[in-house]
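Here's a quick tour of a fold for anyone who'd rather think in sheets and pockets than in coordinates. Keep the viewer open as you read.

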Amino acid sequence: MEPDQDWVNYLNEGWNQAVVLEEVKRLNLRLQDDSEIRPHKVSCQIDKKDATEIIDTLSKRLKDRGLNVKLIFSHGIDLDVLPKGAGKGEALAFLLQKMRREGSAPQETLVCGDSGNDIELFEVEGVNGVIVGGAMEELRQWYDINGKHSSRLHLAKERCASGIVEAIGELSLGPHLSPFDRMNSNGIQPAVKASEKGQLTPSGVAQREVVEFNTFFTKWMNGEVPNNPESFQRLTSVIASGSTMVYPWGVEQSLLQSVTSAQSKHGLTKDKKIRVWIDCIQEQELANGVLMVTWHSWQMSEGTERKGYFATAILREKEGTPNGVEWLRVHETPRKS
């Protein structure tokens, strides 16, 4: 990951973090943890009853010293001081504009939030928004005044991710199906269209393969796909000769042998319905045609505790496979829940 220099230059206009810290300390405001103090953000905590007076005073002092900043109060206690051009809304608008220039703008954009520092997101032109259930008072008040009659904004009853799913339906942004739901009756993912492959190149194909492979494997173990060689070939056809698998308990084995051994275990977890999900997935090109994918994998079934793994896989490009890649090596390391 590298900073976008255009964005950095934009944020630097009218900003001086040293001056902001100096004025915050002059007012005896309590700074937040070091992790919340970043090159273009100074965060402190204030009492809600003093918020208006403190914000007005700090804003005037910084303006008198030649700075052009914005102050955002949220959660009834947090005060963020940012460059005038900073904030979630400005960052999103910058990103969308850059994607349009590069010809990769999304068809739809949905933003979500639950506190006052998310308001800017909902004000970006052309985006859809959801205020999830349990949102903070300052955001609900903003919605009552500014968003209640907007066709692009939804106040959800459900909390967190369930609120986002609710909004996708209410705002008619679907169908947005998970890989699990996109698979057809034999458990095979529909072929990627040429245009979709174009969007995934040069990155994305290996991540897609990791998600689809794990999804199919889960369906196989749960007995949710046909038990026949044609279906199981989805797994074996993408394993390279000589590939290896390192299990969380330290055993190294042929990856093909590891996958093949699962063929006889079709429906093994049918009664307990094993669940597998992936997050924090990232892809990196190591060399021409060789890709590394890292992710967090979680597993759970009825009556068992959740188990987590850090996983790393090396894949390489190969024509004729579902996503144009094959597996070379997988390494899993246990993690605490």
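Which residues does the UniProt annotation "domain: Sucrose-phosphatase C-terminal" cover? According to that record, an unreviewed entry, the answer is residues 207–334. Bear in mind that what you're looking at is a predicted model.

**The two annotated stretches**

UniProt also has a second feature to offer: "domain: Sucrose phosphatase-like", again from an unreviewed entry, at residues 1–169. Here's how the two stretches look in the model.

| Stretch | Helix | Strand | End C-alpha atoms apart |
|---|---|---|---|
| Residues 1–169 | 42% | 21% | 33 Å |
| Residues 207–334 | 23% | 44% | 20 Å |

**The mixed sheet**

Let's start with strands E8 to E13. Six strands line up as E9-E8-E13-E12-E11-E10 in an open sheet, and their pairing is mixed. At the edges sit E9 (252–254) and E10 (275–287), each of which pairs on one side only. Ignoring direction, neighbouring strands here are turned by 15 degrees against each other on average.

Zoom in on E12 and E13 and you'll find an antiparallel pair held over 10 bridges. If you want a spot to click on, try Tyr309, whose bridge partner in E13 is Pro334. Helix H10 packs on this sheet, touching E8 (239–246), E10, E11, E12 and E13. The direction of H10 makes about 150 degrees with that of E10.

**The pocket**

Which element gives the largest share of the lining of the second largest pocket? It's H10, with 5 residues. That pocket has a volume of about 900 Å³ and a lining of 32 residues. Nearest its centre lie Phe217, Tyr247, Ile274, Gln299 and Glu332. The elements giving two or more residues to this lining are H10 (205–221), H12 (255–260), E11 (290–300), E12 (307–317) and E13 (325–335). So far as chemistry goes, the lining splits into 18 nonpolar, 9 polar and 5 charged residues.

H10, then, turns up twice: it packs on the mixed sheet and it lines the second largest pocket. E11, E12 and E13 are likewise strands of that sheet and contributors to the pocket lining.

**The parallel sheet**

Now move back along the chain. Three strands, in the order E5-E6-E7, make an open sheet with parallel pairing. Its edge strands are E5 (110–113) and E7 (153–159), each pairing on one side only. Neighbours in this sheet are turned by 30 degrees against each other on average, direction ignored.

E6 (residues 128–133) pairs with E7 in the parallel sense over 4 bridges. Gly133 has Arg159 as its bridge partner in E7. Helix H7 (residues 160–170) packs on this sheet, in touch with E5, E6 and E7. Its direction makes about 140 degrees with that of E7.

**A few antiparallel pairings**

Strand E2 (residues 42–45) is worth a look too. How many bridges join E2 to E4 (residues 78–83)? There are 4, and the two strands run antiparallel. One residue to check is Val42, whose bridge partner in E4 is Val81. E2 also pairs with E1 (residues 30–31), in the antiparallel sense over 2 bridges. There, Leu31 has Cys44 of E2 as its bridge partner.

Key. Residues are numbered from 1 along each chain as its sequence is written. This is a predicted model: local features need pLDDT of at least 70, side-chain atom pairs count only at pLDDT 80 or more; totals for chains, interfaces and linings use all residues. Side-chain values use heavy atoms; hydrogens and water are left out. On a 1 Å grid over the protein atoms alone, a cavity is a set of points where a 1.4 Å probe fits but cannot get out, and a pocket is an open set with protein on both sides within 12 Å along at least five of seven lines; lining residues have an atom within 4 Å of a point. Grid points are joined across faces, edges and corners, and a volume is the space filled by probe spheres set on the points. Ala, Val, Leu, Ile, Met, Phe, Trp, Tyr, Cys and Pro count as nonpolar, Asp, Glu, Lys and Arg as charged, and the others, Gly among them, as polar. Two strands pair if DSSP finds at least two bridges between them. Axes are lines fitted to C-alpha atoms, for helices over the stretch in contact, and angles run from 0 to 180 degrees between N-to-C directions. Contact means heavy atoms within 4.5 Å. UniProt positions are given in the numbering used here, feature names are shortened, and annotations may be inferred rather than shown by experiment.
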